[in-house]
Amino acid sequence: QVQLVESGGGLVQAGGSLRLSCAASERTLSSYVMGWFRQAPAKERENVSAVSRAGRGTFYADSVKGRFTISRDNAKNTVYLQMNSLKPEDTAVYYCAADLENRGTYGYSKNVYDYDYWGQGTQITVSS
């Protein structure tokens, strides 16, 4: 069982920045594809970003491309999401998730159903 704990959420004005962290209980974080998802009220959970096991492959949703950066420090069992130029439409609960499937050095998944473990979520509110 992998436990994931997000931190770094909060209230920020439009144009501001936040960095989310996701700490994993397992010492084998390098074995997992990691993803960041978000869910706004009355909307489906969507994949914001994902990173391959070794960090060589990354994905960004079009809505965040150029503003968000995903990274991972496997030695610290932690994944990060740096969010810049935040917009009110970025307001949501953000979740990190771990995918146990071996997708190769550059592989990742954007499918919410491929992820096996989830954090509890952290709220981000961007005011206009």
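In this predicted model, Phe37 and Tyr115 are both buried. Their ring centres lie 5.0 Å apart and their planes meet at 80°, so the pair is edge-to-face. The two residues belong to distant parts of the chain, Phe37 to strand E4 and Tyr115 to the loop between E9 and E10, with a separation of 78 residues. A second edge-to-face pair is formed by Tyr95 and Trp118, with 6.4 Å from centre to centre and 80° between the planes. This pair also bridges distant parts of the chain, given that Tyr95 is in strand E9 and Trp118 in strand E10, 23 residues apart. Tyr95 has a relative accessible area of 13% and is therefore buried, the limit being under 20%. Trp118, at 26% relative accessibility, counts as partly exposed.

Phe37, Tyr95, Tyr115 and Trp118 together make up one aromatic cluster. In the whole structure, the search yields 5 aromatic pairs. Arg45 is placed over two rings of the cluster: it lies over the face of Tyr95, 3.8 Å from the ring centre, and over the face of Trp118, at 4.8 Å from the ring centre.

Strand E9, which holds Tyr95, also contributes to the nonpolar interior. The largest nonpolar core comprises 36 residues, and those with the most contacts inside it are Leu4, Met34, Trp36, Phe68, Leu81, Met83 and Tyr94. At least two residues of this core come from each of the strands E3 (18–24), E4, E5 (46–51), E6, E7, E8, E9 and E11 (122–127). The largest share, 5 residues, is supplied by E9. The surroundings of Tyr94 illustrate the packing: leaving aside residues up to four places away in sequence, Tyr94 touches Glu6, Leu20, Phe37, Arg38, Val48, Phe68, Leu81, Met83, Gly121, Thr122 and Ile124. Among these contacts are Phe37 of the aromatic cluster and Arg38, a member of a salt-bridge network.

Side chains of opposite charge can pair when their charged atoms come close. The count for this model comes to 6 salt bridges. One of them joins Asp90 and Arg38, with 2.9 Å from N to O. Asp90 is in the loop between strand E8 (78–83) and strand E9 (92–99), whereas Arg38 is in strand E4 (residues 33–39), so that distant parts of the chain, 52 residues apart, are linked. Both Asp90 and Arg38 are buried. Asp90 forms a further salt bridge with Arg67, in which the closest N and O atoms are 2.7 Å apart. Arg67 is in the loop between strand E6 (58–60) and strand E7 (68–73), and this pair likewise links distant parts of the chain, 23 residues apart. Arg67 is buried, as is Asp90. Arg38, Arg67 and Asp90 belong, with Glu46, to a network of salt bridges.

Another salt bridge is found between Arg103 and Asp114, whose side chains meet at 3.4 Å, N to O. Both residues are in the loop between E9 and strand E10 (117–118), 11 residues apart. Arg103 has a relative accessibility of 28% and therefore counts as partly exposed. The relative accessible area of Asp114 is 26%, so Asp114 is partly exposed as well.

Methods
Residues numbered from 1 in each chain as written. Predicted model: local features only at pLDDT ≥ 70, side-chain atom pairs only at ≥ 80, totals over all residues. Heavy atoms only, no water. Salt bridge = Lys/Arg side-chain N within 4 Å of Asp/Glu carboxyl O. Helix = DSSP H or I, 4+ residues; strand = E, 2+ residues; numbered from the N terminus. Buried < 20%, exposed > 50% of the residue type's maximum accessible area, 1.4 Å probe, protein only. Core = buried A, V, L, I, M, F, W, Y, C linked by side-chain atoms within 4.5 Å. Contact = heavy atoms within 4.5 Å. Phe/Tyr/Trp six-rings, centres within 6.5 Å; stacked < 30°, edge-to-face > 60°. Lys NZ or Arg CZ within 6 Å of the ring centre and 35° of its normal.
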